[in-house]
Structures are given as C-alpha cells and as structure tokens.
Amino acid sequence: MPPIEPQQSRRPGQLSLVELAPEQSPEQILARSRRADPATAPSQPRRSEAAPRRRRRVHWGRWVALTVLLCIAAAYVTWTLLPPTVVVVEPHRGAAVQAVYATGTVEPSVMVPISPRGAARLVELKVDEGSVVEKGQLLARLENDDLQRAIIAAAAEEHYAKTQLDRQAQLIERGVAARSAYDRASADWEKAKALRERAEAEAHYLDLVAPAAGTIIRRDGEIGQIIAADKPLLWMLCCAPLRVSAEVDEEDIAQVRPGQGVLIRADAFPGQIFHGTVQAITPKGDPVARTYRVRVSLPKDTPLMIGMTAETNIVLRKAEHALLVPAGAVQQETVWRVIDGKVSPTHVTLGAKGASEIEILSGLADNDRIVAAPAVGIKAGQAIRPIVTGR
C-alpha cells in the first residue's frame with residue numbers, strides 16, 4: 001500500500017497542488033475558483049448600471065448644442081439672406097409756412113432821453129418807472145439856488161435900467177436931454193432884460209419836464225446824486241408802439257420785404273404766438289456778423305415788454321393744402337420710393353422746411369410710399385420688407 005500523503009488544510013479560494021491539472025493553465029483555474037466562491041472575488045463596478053447613465057448625459061448635451069447651432073444658423077439666414085425690414089410712410093396734406101428765422105429784442109420805436117443841460121444835484125422826483133405822463137408835466141427838479149439868486153440880481157438890474165430909461169424919456173420930452181442919452185438907457189434896459197430872461201431859462205433847464213405824452217420806462221438817478229450835464233436821468237417811451245429789432249442772415253435778407261407778416265415767440269409767454277409786420281430793413285449790414293437788422297412793428301396792445309428776447313419767423317409763403325413728408329425721409333432733395341417691394345431714388349422739389357416735416361412741391365404723389373428714414377448705404381433696386389405706418 002502506498003504511503004498516505006498528509007492532507008493540507010485549504011482556505012476558501014485556495015487550490016491544492018493535486019487539483020492542478022496539466023491541461024489547465026493557472027489563470028483558468030483562478031477564474032474558475034472565483035466563480036465558485038463569489039465572496040473571495042475582488043469587487044468591481046457594475047458596467048451594466050453605470051454605463052447607461054453616462055450615455056444618457058452625453059445624449060442630452062448633444063441635443064442642446066445642436067439646438068443652439070440651429071438657432072444661430074436660422075438667425076444668420078434671416079439677417080443675411082432675407083430682405084431688411086424698413087418703415088414706410090405715405091405723404092399727407094397739411095398747412096406749410098415758408099419763413100425766414102431770426103432772433104431779436106423788443107425795444108421802443110421812439111425812446112426819448114430826458115437830461116439836464118447843466119450839472120446839479122437831484123432834489124426832487126415826481127415820477128418813477130412805469131409812470132404815464134402828459135406833455136409839459138414836471139418830472140424832476142434839480143438844485144438851482146444859485147440860478148434863483150442870479151435871477152433876482154438880473155431882475156434888479158433890469159428894474160434900474162428901466163428907471164433910467166423912463167427918466168431919459170421925460171428929459172427928452174422937456175428938451176433938456178440929448179437923444180443919444182435916451183438911446184443909451186434903452187440899450188441898457190434891453191441888456192438887463194435879456195440877462196434876466198437868460199437866468200430864468202437856465203433855472204428852468206434844471207426842472208425836467210415831459211416833452212410829449214408817454215411812459216417813463218427807466219430812471220438812472222437817486223435824490224441827492226449829482227447829475228452830470230447831458231446825462232439822461234429818465235427815459236421815456238412815446239409817440240409809437242413797441243417793435244422788434246431782428247438780425248437776419250445775409251443769405252435770407254433778399255427774400256424779406258416791408259409789409260410781410262411775422263410770427264413771434266417769446267420765452268416769457270410759452271405756447272403763445274404774437275403777430276407783427278416787417279416795418280423797415282437797414283440798408284447797411286454788419287460785415288462781421290453778416291446780418292441785416294430788420295424792424296418788426298408790434299400792435300399797441302402787445303404784452304411783450306422792452307428788453308425781451310423774441311424768436312421771429314418772417315412769413316414768405318403760406319400753403320394750406322401742401323404735400324408734407326417727414327424731414328428724415330429727404331436726403332439732399334431725394335426720397336426713396338417703394339415700388340413692388342424695392343426702393344427707387346426720386347428727385348423732388350422742396351418747399352417750406354420745418355423741424356419735423358418738409359413740403360414737397362413736385363416729384364411725389366399723394367399715394368406714393370417712401371422710406372421714412374433711409375439707411376446709410378441704401379441702393380437703388382434693393383429689396384425690402386416694408387412696414388407701413390402713419391405719418
């Protein structure tokens with residue numbers, strides 16, 4: 001009997017030498033043992049569960065990217081291949097006024113300065129700015145004490161000379177005096193009389209009176225102040241209504257004529273329009289400012305006040321049923337008509353021009369459609385997608 005080999009104890013998953021068959025490789029035997037004892041096999045991820053999740057995430061990300069690319073492609077086609085969208089308007093009828101614009105200042109037509117003929121101190125004021133006065137009314141009085149004393153002295157000399165003249169006249173009647181003495185006394189009396197009248201006139205010059213009926217519009221002096229000779233103390237408006245002196249550009253002055261109507265605006269009266277008439281045009285312009293002064297007369301009841309700034313529009317022509325288009329639709333006397341979905345440049349004759357609209361005299365019909373605001377680079381025959389609006 002052959003000797004019995006000692007049995008070796010095996011741990012689970014461990015192979016003994018007797019089980020190793022010559023026709024099996026170690027790797028095959030190891031794989032078989034792992035299938036036989038799952039507890040001893042090393043843990044590995046389950047591909048059957050993890051792989052589908054990753055595939056689903058990649059699947060949705062590809063769809064989002066594809067959608068974005070399709071949107072970009074659609075936008076590109078819309079903006080590059082389709083005709084551009086353009087706002088189109090139709091002309092309409094309305095009132096149009098062709099006018100020459102100018103700025104000016106409200107001033108009196110006749111403004112009279114009132115000043116003393118000699119320097120003196122102002123002692124009394126009878127009126128103030130805004131006072132309505134009558135012709136010959138006393139307005140102010142300057143100090144004239146010295147002149148009053150000169151009047152008294154001149155009156156005394158005149159009285160003495162008159163007495164001498166009367167005495168010589170009596171002697172002539174008696175025949176005891178020469179005729180030459182009488183003539184000498186007569187001359188002395190005339191001289192004394194003239195000196196007295198001169199003193200009274202000089203004193204009267206210091207009493208300032210109104211030369212005509214009117215309104216005091218300015219006062220340049222206070223009581224106690226020395227007023228220089230020929231310096232205006234008061235300014236008086238009289239004899240004519242107010243007017244506007246406007247400066248018109250030399251390029252427009254050839255179209256201005258006396259008698260044309262004028263529309264006037266002033267910041268002091270927002271929303272109101274006043275009317276005037278071209279009164280006169282100065283024959284000599286300003287070579288520096290390149291303007292001519294135009295006088296615009298105002299009605300007597302105008303609320304405008306002296307010194308206000310006025311915006312004037314001298315009306316050259318007025319049309320009640322003019323053909324009007326938006327100002328932005330005109331480019332150098334050219335509008336772009338829309339015909340069968342394409343644009344075509346059309347030359348027009350312009351009339352009155354405003355801030356928002358321009359009058360078309362010829363070249364356009366009422367039922368034409370034009371581009372409201374032509375874009376830079378627009379070309380004749382270019383196809384567009386019109387959007388028709390109102391004005």
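**Stop 1: the largest pocket**

Start with the largest pocket, which holds about 490 Å³ of space. Keep in mind that this is a predicted model. Select V97, A99, N313, K353 and G354. Of the 23 residues that line the pocket, these lie nearest its centre.

Now colour the strands around the pocket. Which strand gives the most to the lining? Strand β2 does, with seven residues. At least two residues each come from β2, β12 (261-266), β15, β18 (349-353) and β19 (357-362). Next, colour the lining by class. You should find 13 nonpolar, five polar and five charged residues.

**Stop 2: strand β2 and its partners**

Stay with β2 and select residues 92-108. Then add β15, residues 309-326. The two strands pair in the antiparallel sense over 13 bridges. Strands of a sheet pair through backbone hydrogen bonds, either parallel or antiparallel.

Add β11, residues 242-249. This strand also pairs with β2 in the antiparallel sense, over six bridges. Now zoom in on G104. What is the bridge partner of G104 in β15? It is A310. In β11, the bridge partner of G104 is A246.

**Stop 3: an open sheet of four strands**

Move to the open sheet with the strand order β3-β10-β8-β5. The pairing here is antiparallel. Select β3 (111-114) and β5 (132-133), which stand at the edges. Each has a single partner strand, so one side of each is left without a neighbour in the sheet.

Next, select β8 (residues 214-219) and β10 (residues 234-238). Five bridges join these antiparallel strands. To see one pairing up close, pick R219 and its bridge partner in β10, L234.

**Stop 4: another four-stranded sheet**

Now display the open sheet that runs in the order β7-β6-β4-β9. Its pairing is antiparallel. Which strands are at the edges? They are β7 (207-209) and β9 (226-227), and each pairs on one side only.

Select β4, residues 120-125, together with β9. Two bridges join this antiparallel pair. Zoom in on A120, and you will find I227 of β9 standing opposite.

**Stop 5: side chains and rings**

Show the side chains of F269 and F274. They form an aromatic pair, and the structure holds one such pair. A pair of aromatic rings is described by the distance of the centres and the angle of the planes. For F269 and F274, the centres are 5.5 Å apart and the planes lie at 80 degrees. That makes the pair edge-to-face. Are these two residues buried or exposed? Both F269 and F274 are buried.

Next, look for charges over rings. Select R117 and Y205: R117 lies over the face of Y205, at 4.0 Å from the ring centre. Then select K162 and W189. K162 lies over the face of W189, at 5.8 Å from the ring centre.

**Stop 6: a loop residue**

Finish at A268, in the loop between β12 and β13 (274-281). Its relative accessible area is 47%. Exposed would need over 50% and buried under 20%, so A268 counts as partly exposed.

Add T309 to the selection. How many residues separate A268 and T309 in sequence? They are 41 residues apart in sequence. In space, A268 and T309 are 8.7 Å apart, C-alpha to C-alpha.

Definitions and conventions
Residues are numbered from 1 along each chain as its sequence is written. This is a predicted model: local features need pLDDT of at least 70, side-chain atom pairs count only at pLDDT 80 or more; totals for chains, interfaces and linings use all residues. Side-chain values use heavy atoms; hydrogens and water are left out. Two strands pair if DSSP finds at least two bridges between them. Rings of Phe, Tyr and Trp (its six-membered ring) pair if their centres lie within 6.5 Å; planes under 30 degrees apart count as stacked, over 60 as edge-to-face and the rest as tilted. Buried means under 20% relative accessible area, exposed over 50%, partly exposed in between (1.4 Å probe, protein chains only). A charge sits over a ring if NZ of Lys or CZ of Arg is within 6 Å of the ring centre and within 35 degrees of the ring normal. On a 1 Å grid over the protein atoms alone, a cavity is a set of points where a 1.4 Å probe fits but cannot get out, and a pocket is an open set with protein on both sides within 12 Å along at least five of seven lines; lining residues have an atom within 4 Å of a point. Grid points are joined across faces, edges and corners, and a volume is the space filled by probe spheres set on the points. Ala, Val, Leu, Ile, Met, Phe, Trp, Tyr, Cys and Pro count as nonpolar, Asp, Glu, Lys and Arg as charged, and the others, Gly among them, as polar.
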